[in-house]
Amino acid sequence: MQATMDPHPGTFPVLSYVMSRLPSFGPRSPASISASSASTSDSASASASTSRSHHVDIEQPPHSDASSSSIVGQMPNLANPEMLASMTRAISDVAQARSVFKVMGPRPTHEEVDEAKAKLADLEAHLSRQLEEIVGLPRPPEIDEARWTAHIAEKEKVIKESTEKEKRILKSIIQLDNMHDAYGKLLKDAEKRLVKIYENDGADYDNNNENEEDDEDSVQVKEQVEGILKEAYGKGVERIALSGKRLKYLPEAFGHIPALVVLDVSTNQLSVIPDSICGLESLEELNLSSNALESLPESIGLLQKLKVLNVSGNKLSALPDSISKCSSLVELDASFNSLSYLPTNIGFELHNLQKLMIQLNKIRSLPSSICEMKSLRYLDAHFNELRGLPVAIGKLTNLQVLNLSSNFSDLRELPETFGDLINLRELDLSNNQIHALPDSFGRLHNLTKLNLEQNPVEVPPMHVVGEGLQAIKGFMSQRWIDILEEEERKTTQEVQEQGENGWLTRSTSWLKNVSENVTEMIMSPKTPKEAYLNQQL
């Protein structure tokens, strides 16, 4: 699918508005898009129009009048030509980058990138072993040293060239992902610049002139935190609550309170968590929600006793791979962030996780390892960009509540293993593009709540959907029974046909053996029978 690189109006409202007003980026009428789709022109504009007419990319949807009027309503001075001109000058780097990204294709998934990195490491290791083996080869006595050295060099060259071809493909995947990441950061910086220009009434904004505030309030908060730390050292405090204190940073000293069990620093202004947090060896609950975190430290994976982690309402674009090492986790809330993927191996070690909340993100696919979360009972993934579920999703046999609503045009079908979710009680599939429930759906006998609103459902028929859950379950159960009976009938028929064919084969073989024996008796001048008869005579 050709990836459209226009910024999402929900994430970058000002940038999206400004770019839509540029002649080369502005939206075109449906008629022009249709004409462009039918055209065989090789121009870039025709290619982009064709792509938009066939695909809707939720991450970068086409500009709409609704989003335009909304942002102008909030920032009315955007319509000022001078303001627009000043903003246009400020995003020249975005315009240039976008023209390059138009032809580069969609971003690879996190699993694809991880797989490419792993294969690249394997290739490097294999190449190293091969080169060592070549260097260690003994020189035959009939070949002089100069010829042997040239021969070894040639073998090394062939192996390196062969490996380099494979490495180039893998490196291109990793490089494409890095470039998309860099483009995302470019969009964030551009949005920030435009907001500052608007606040300065159109004056060009220089990011280097931004001032860091350190007012009296922050000094007071610092003193309060230091007081809490002193108390914690003296009394071995198990709980610390600093919610809503306008904290801008968390002192490294917080990592030196080994008795701490619960830490709540939610609703602050934290942009980073110190690596020293790994020193909280007794920590069971950590609430980092509603801050300004763009990343979490890898050291968080050393919190072996952590049971509840809340990082919702931040600016996280990814969770650290080490989070899968938090093997005691029972509840993980990473909702309302900017996650585009989950760590590839997140499910292999989180065997105790019962509740996973990842709603209100930009996740396009769930890693296959999530199917190994055998204790998972609650999964909320609504309002993402999921294109489907892992094939082995049915392995989550303890899952009771599943919310996949509002993945819109991306979610179109469910895997056949969906029927293996035998303990599922509540299912929300509303606001998607699901045309048919999987045939195995009738096996969800414990399902008591189902939402299918705003889906173009054809199976079961809409009149059955309108009758409610019991009618849907009855229809799908009967459909499943009919499928099983049809499979059984086909199997029986095949067995019968094989039996008949087998009888004919055995009969033909028997007749052939008889025929050969008779022929042999007739054609042979002397047989054991004839000798016996002659002897009697």
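Begin by selecting Asn 431, which in this predicted model lies in the loop between strand 9 (426-428) and strand 10. Its backbone deserves a look, since Asn 431 has a positive phi of about 55 degrees although it is not a glycine. Most residues other than glycine have a negative phi, and most peptide bonds are trans. Asn 431 is partly exposed, with a relative accessible area of 27%.

Go next to Arg 246, in the loop between strand 1 (239-241) and strand 2 (262-264), where phi again takes a positive value, near 60 degrees, in a residue other than glycine. Arg 246 has a relative accessible area of 48% and is therefore partly exposed, as the value lies between the 20% that limits buried residues and the 50% above which a residue is exposed.

A third backbone feature is found by selecting Val 459 and Pro 460, which are joined by a cis peptide bond with omega of about 0 degrees. Pro 460 belongs to the loop between strand 10 (449-451) and helix 11.

From here, move to strand 2 and select Leu 263, which lies in that strand. Is Leu 263 buried or exposed? With a relative accessibility of 1%, Leu 263 counts as buried. If you display what surrounds Leu 263 and leave aside neighbours within four places in sequence, you will find contacts with Ile 240, Phe 254, Leu 280, Leu 283, Glu 285, Leu 286 and Asn 287. A distance drawn from the C-alpha of Leu 263 to that of Ser 243 should read 9.5 Å, the two being 20 residues apart in sequence.

One of those contacts of Leu 263, Leu 286, is a good stop in its own right. Not counting residues up to four places away in sequence, Leu 286 touches Leu 263, Ile 277, Ile 300, Leu 303, Leu 306, Val 308, Leu 309 and Asn 310. Which residues touch the most other members of the largest nonpolar core? In this core of 76 residues, they are Leu 286, Leu 319, Phe 418 and Phe 441. Colouring by element shows that helix 9 (216-235), helix 11 (462-466) and helix 12 (469-523) are the elements that give two or more residues to this core, and that the largest share, 3 residues, comes from helix 12. Apart from this core lies another, of 21 residues, which includes Met 87, Val 94, Leu 194 and Ile 197.

Met 87 leads to helix 5 (residues 81-90), whose buried residues are Met 83, Ser 86, Met 87 and Ala 90. Turn the view so that you look down the axis of helix 5: the buried residues fall within an arc of 95 degrees, and so they line one face of the helix. An α-helix has 3.6 residues a turn, so residues three or four places apart point the same way. On the face of helix 5 turned away from the buried side, select the exposed residues Pro 81 and Arg 89.

Helix 1 (residues 13-20) makes a useful next selection, because 7 of its 8 residues are buried and it is largely enclosed by the rest of the structure. Those buried residues are Val 14, Leu 15, Ser 16, Tyr 17, Val 18, Met 19 and Ser 20.

Now select Gly 313, in the loop between strand 4 (308-310) and strand 5 (331-333). Gly 313 counts as partly exposed, at 22% relative accessibility, and its C-alpha atom is separated by 7.8 Å from that of Ala 334, 21 residues apart along the chain. Residues up to four places away in sequence not being counted, Gly 313 touches Ser 290, Asn 291, Ser 335, Phe 336 and Asn 337.

Phe 336, one of these contacts, takes the tour to the surface, where Phe 336, Leu 360, Phe 383 and Phe 408 make a nonpolar patch of about 370 Å². Within the patch, Phe 383 sits in the loop between strand 7 (378-380) and strand 8 (401-403) and is partly exposed, with a relative accessible area of 40%.

Finally, zoom out to the whole chain, which holds 13 helices and 10 strands. Buried residues make up 39% of its 537 residues, while the accessible surface comes to about 29800 Å², with 52% of this belonging to carbon and sulfur atoms. Among contacts between residues at least 6 apart in sequence, 45% join residues at least 24 apart.

Methods
Residues are numbered from 1 along each chain as its sequence is written. This is a predicted model: local features need pLDDT of at least 70, side-chain atom pairs count only at pLDDT 80 or more; totals for chains, interfaces and linings use all residues. Side-chain values use heavy atoms; hydrogens and water are left out. Patches are made of residues with over 30% relative accessible area and no salt bridge: like charges are joined within 9 Å, nonpolar side chains (Val, Leu, Ile, Met, Phe, Trp, Tyr) within 5 Å. Accessible areas come from the Shrake-Rupley method with a 1.4 Å probe; for residues, only the protein chains shown count as cover. A salt bridge is a side-chain nitrogen of Lys or Arg within 4 Å of a carboxyl oxygen of Asp or Glu. Helices (H or I, at least four residues) and strands (E, at least two) are DSSP runs, numbered from the N terminus. Buried means under 20% relative accessible area, exposed over 50%, partly exposed in between (1.4 Å probe, protein chains only). A nonpolar core is a set of buried Ala, Val, Leu, Ile, Met, Phe, Trp, Tyr and Cys residues joined through side-chain atoms within 4.5 Å. Contact means heavy atoms within 4.5 Å. The arc is that of the directions from the helix axis to the C-beta atoms.
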